[in-house]
Amino acid sequence: MNMKVNRVRHLLVLASILCLIPLTFAAWSQSKESQEKEGKTVTITGCIAKGEAADEFAITQNGKKYGLKSTKVKLADHLGHKVTVIGKFTRAPGEGEEGEKAEEGGDEYADVQVTSLKMISTSCQ
């Protein structure tokens, strides 16, 4: 009888641990996203495309589209090129233009003020 009680206790402990694992990963994921704050320096690699505004360009990395602006780098010279840009978030990731959550689809994930650019290829293929 005593062995059955110990076995049940072990199973309950194991079940509890297994239930906590998804919660741990969810907390870790939220923590990672909260680190991506406005003003944080980021490095993004992808292809430069025309953005939504006349003076804006876009780049997509890992399915996330970023709006790019720069006063130091001539982004227009790199349209259609694969590049790595370094810059700072000027609009927090996942936030809409007016602080509202961006909807899924064509909206940009975040805006980045580009400070440097390294060209990887003259084409995106």
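**Exercise 1. Classify the aromatic pairs of this predicted model.**

Task: Determine how many aromatic pairs the structure holds, and classify the pair formed by Tyr-66 and Phe-89.

Solution. The structure holds two aromatic pairs, where rings of Phe, Tyr and Trp (its six-membered ring) pair if their centres lie within 6.5 Å, and planes under 30 degrees apart count as stacked, over 60 as edge-to-face and the rest as tilted. For Tyr-66 and Phe-89 the centres are 6.5 Å apart and the planes stand at 20°, so this pair is stacked. The pair links distant parts of the chain, since Tyr-66 belongs to strand E4 (residues 64-69) and Phe-89 to strand E5 (residues 82-91), 23 residues apart; strands (E, at least two residues) are DSSP runs, numbered from the N terminus.

The model is predicted, so local features need pLDDT of at least 70 and side-chain atom pairs count only at pLDDT 80 or more, while totals for chains, interfaces and linings use all residues. Residues are numbered from 1 along each chain as its sequence is written, and side-chain values use heavy atoms, with hydrogens and water left out.

**Exercise 2. Extend the pair to a cluster.**

Task: Decide whether Tyr-66 and Phe-89 are buried or exposed, then classify the pair of Tyr-66 and Tyr-109.

Solution. Buried means under 20% relative accessible area, exposed over 50%, and partly exposed in between (1.4 Å probe, protein chains only). Tyr-66, with a relative accessible area of 6%, is therefore buried, and Phe-89 counts as buried at 3%. The rings of Tyr-66 and Tyr-109 have centres 5.6 Å apart and planes at 85°, so this pair is edge-to-face. Here too distant parts of the chain are linked, with Tyr-109 lying in the loop between E5 and strand E6 (110-121), 43 residues from Tyr-66. Tyr-109 counts as buried, at 17% relative accessibility. Tyr-66, Phe-89 and Tyr-109 form one aromatic cluster.

**Exercise 3. Place the cluster in its surroundings.**

Task: Find which residues have the most contacts inside the largest nonpolar core, and which residue of E6 is the bridge partner of Phe-89.

Solution. A nonpolar core is a set of buried Ala, Val, Leu, Ile, Met, Phe, Trp, Tyr and Cys residues joined through side-chain atoms within 4.5 Å. The largest one has 16 residues, and those with the most contacts inside it are Tyr-66, Leu-68 and Val-112. Turning to the strands, E5 and E6 run antiparallel and are joined by nine bridges, where two strands pair if DSSP finds at least two bridges between them. In E6, Val-112 is the bridge partner of Phe-89.

Terms used
Helices (H or I, at least four residues) and strands (E, at least two) are DSSP runs, numbered from the N terminus.
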